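Thank you all for coming; I would like to take a few minutes to walk through one model, chain by chain, and then look at where the chains meet. Please have the structure open as we go.

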Amino acid sequence: MVERSQKDVWRLAPWLMIALLIVNFVLMAFDAKEITSGQRVVRSWTQTIADFVQSPVTTVTSAVANYFSSISNLRSAQTDNDVLKQRVQELEVELKQKEELAAENTRLRSFLQLKETSKYKILTARIIGRDPSVWFDSSIVNRGSLDGVQLNMPVVTDGGLVGRVTAVGPLTCQVDLVTRNKSGVGAVIGQVGESNALGVVSGTSKGDLLEMRYVAGSVAVEVGQAVFTTGQDGIYPAGLKVGEIVSVVTGSATTPHQILIQPAAKLNSMQEVGILLYEAASREQFEQKLPNATKDVKK
Amino acid sequence: MEGVKLTISLIIAIVLQWTLRNVWEPLAYIDLPLIIVVYAALQRNSIRALLFGSIAGLSVDALSGGLLGANGFSKTIVAYIVCEITRRVYMDNLILRIPVIAGACLLDDMIYYGLHRLFGQPPGNDVLVTAAYSLIGTTIAGTLVYLLLQSLSGERTRRKKRDVFAPRRQTRRRNPIRLGK
């Protein structure tokens, strides 16, 4: 082993620093490009390695937490049981009605010869890791490409929309939450097809609230109204609940409303999520490119 | 032996950084890899400190929603600056190390945030609030970790302390009576 003198070390240090800074800078440049364009390879493989550490730790900590919460929950178990029994009976009645409606829907679809543009299943996943940096708030879940997860698939909970998949490894994937300020969700206030209050929902720096932009000031908007996805952004399907409006600064005919939304999903306390195995219907060629931007030369 | 101890400490710090946020959200404000990187830099081995800075940063970046390499970049710069300070100023006292870890944390956060702004990916958090909490958490945790690491380093540290804080040799006072004589 070569022993270096302290003087050699001091002489070598600036050059080593410059080399390391260049390596890190190049990685950053590539990563910044890949964030919007595609798969982040280094990241997804590191997540797979980290999964072997994170999964056992998460299992142990959640088991301990569940043990203590189950003790505290025992107190209210009897009351909950009575309420749930009543609720089950109500739901059974509702289910019967919905089965009839679904059957009717299928009959009508076949009658009209309509085809579904996209179908999706829900894959349940457990959150095994949170962002180690305090600056961002992504999550890592225990489902990857081997389970059929792909880039940009929407992630939901029973409450509503959580975010989308931004990096996929074989065993794990990374989920960026809707609260991230770079996220954008095509959304509508009220039900799709019944409202024309369209806008884009993105994250803010105001804690866990979301902001809805570009909603025309001439449209009536009230606090408490629900916001749903429109399905027009090419990532999320239509009809997913994003949240409820908690604040509106009314706009005018020329300025849009300033709307703040409380996310429907409990983003800070969620333990399990559902990944929608959904691929948005591919757009027509003319929708992807502007006609005057194509440079196809026909001979 | 010192190198092995520090490498193990760094691995433990990275693993804890990956997992502690799951246990309790505010623990994310403590930058454990940075604490070990600064400690390595304070040992006057600049090459080890620089490599530690890059590796620790990249390990955190790989699981983060931020840019891959941003933490590596900031921690490498911090490691180099702390090395240069240590070269010029005597830093073996724990009291002096506390402002160093605080300054390193602040610098690391500023570089990290600046790089994300540069690449058009600014974090959504309030910079001042996040940096302040991070500063408090990392400084307190850093002080405790340094105490732990010093106590673990055993005989070598005790010898060093004995040398540094050795009792002053009492010079024999001249006898005033004899002087008067």
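**Two barrels, a helical chain and an interface**

Let me begin with a strand pair in chain A, where strand 3, residues 154–156, and strand 4, residues 161–168, are paired in the antiparallel sense over three bridges. Within that pairing, the residue of strand 4 of chain A that serves as bridge partner to Val155(A) is Gly163(A). I should say at once that everything here comes from a predicted model, and that the values I quote are computed from it.

These two strands belong to a wider arrangement, since six strands of chain A close into a barrel in the order 1-2-5-4-3-12, with antiparallel pairing. From one strand to the next in that barrel, the twist averages 45°.

Chain A has another barrel to show, and here six strands close in the order 6-7-8-11-10-9, the pairing again being antiparallel. Neighbouring strands of this sheet are turned against each other by 40° on average, if direction is ignored. If we take one pair out of it, strand 10 and strand 11 of chain A run antiparallel and are joined by six bridges, and Gly243(A) stands opposite Pro263(A), which lies in strand 11 of chain A.

Between those two strands there is a loop, and I would like to pause on one of its residues: Thr255(A) is placed in the loop between strand 10, residues 241–249, and strand 11, residues 258–263, of chain A. Is Thr255(A) buried or exposed? With 11 other C-beta atoms within 10 Å, Thr255(A) is exposed, because a residue counts as exposed when 12 or fewer such atoms lie within that distance. To give a sense of the separations within the chain, Thr255(A) and Thr61(A) are 194 residues apart in sequence, and their C-alpha atoms are 49 Å apart in space.

Let me now turn to chain B, whose secondary structure comes to eight helices and zero strands. Of the 181 residues of chain B, 45% count as buried. If we consider the contacts in chain B between residues at least 6 apart in sequence, 65% of them join residues at least 24 apart.

The element I would single out is helix 2 of chain B, residues 32–42, of which eleven of the eleven residues are buried, so that this helix is largely enclosed by the rest of the structure. Among those buried residues are Leu32(B), Ile36(B), Tyr39(B) and Leu42(B). What lies over them? The cover on the buried residues of helix 2 of chain B includes helix 1, helix 3, helix 4, helix 5 and helix 6 of chain B. Just after helix 2 of chain B, Arg44(B) takes a positive phi of about 70°.

One of those covering elements deserves a closer look, because the axes of helix 1 and helix 2 of chain B come within 8 Å and cross at roughly 160°, and the two helices are therefore roughly antiparallel to each other, an angle over 145° being what that term requires. The crossing of helix 1 of chain B past helix 2 of chain B is left-handed. The residues making this contact include Leu6(B), Leu10(B) and Ala13(B) from helix 1 of chain B, and Leu32(B), Ile36(B) and Ala40(B) from helix 2 of chain B. By class, the contact has ten nonpolar residues, two polar ones and no charged ones.A second crossing in chain B is that of helix 5 and helix 6, whose axes come within 9 Å and cross at roughly 145°; this crossing is right-handed. Helix 5 of chain B brings residues including Leu94(B), Arg97(B), Ile101(B) and Asp109(B) to the contact, while helix 6 of chain B brings, among others, Val127(B), Leu135(B), Gly142(B) and Tyr146(B). The residues of this contact divide into eleven nonpolar, five polar and two charged.

Finally, we come to the place where the chains meet, with 40 residues of chain B in contact with 44 residues of chain A. On the chain B side, the elements that give two or more residues are helix 1, helix 3, helix 4, helix 5 and helix 6. Which helix of chain B gives the most to that side? Helix 4 does, with eight residues. By class, the side of chain B that touches chain A has 20 nonpolar, 17 polar and three charged residues.

Methods
Residues are numbered from 1 along each chain as its sequence is written. Chains are lettered from A and ligands numbered from 1 in the order in which they are written. This is a predicted model: local features need pLDDT of at least 70, side-chain atom pairs count only at pLDDT 80 or more; totals for chains, interfaces and linings use all residues. Two residues are in contact if their C-beta atoms, placed from the backbone, lie within 7 Å. Helices (H or I, at least four residues) and strands (E, at least two) are DSSP runs, numbered from the N terminus. Ala, Val, Leu, Ile, Met, Phe, Trp, Tyr, Cys and Pro count as nonpolar, Asp, Glu, Lys and Arg as charged, and the others, Gly among them, as polar. A residue is buried if 20 or more other C-beta atoms lie within 10 Å of its own, exposed if 12 or fewer, and partly exposed in between; C-beta atoms are placed from the backbone. Axes are lines fitted to C-alpha atoms, for helices over the stretch in contact, and angles run from 0 to 180 degrees between N-to-C directions. A crossing is left-handed if the near helix is turned anticlockwise from the far one by less than a right angle, and right-handed if clockwise. Two strands pair if DSSP finds at least two bridges between them. Angles under 35 degrees count as roughly parallel, over 145 as roughly antiparallel, 65 to 115 as roughly perpendicular and the rest as oblique.
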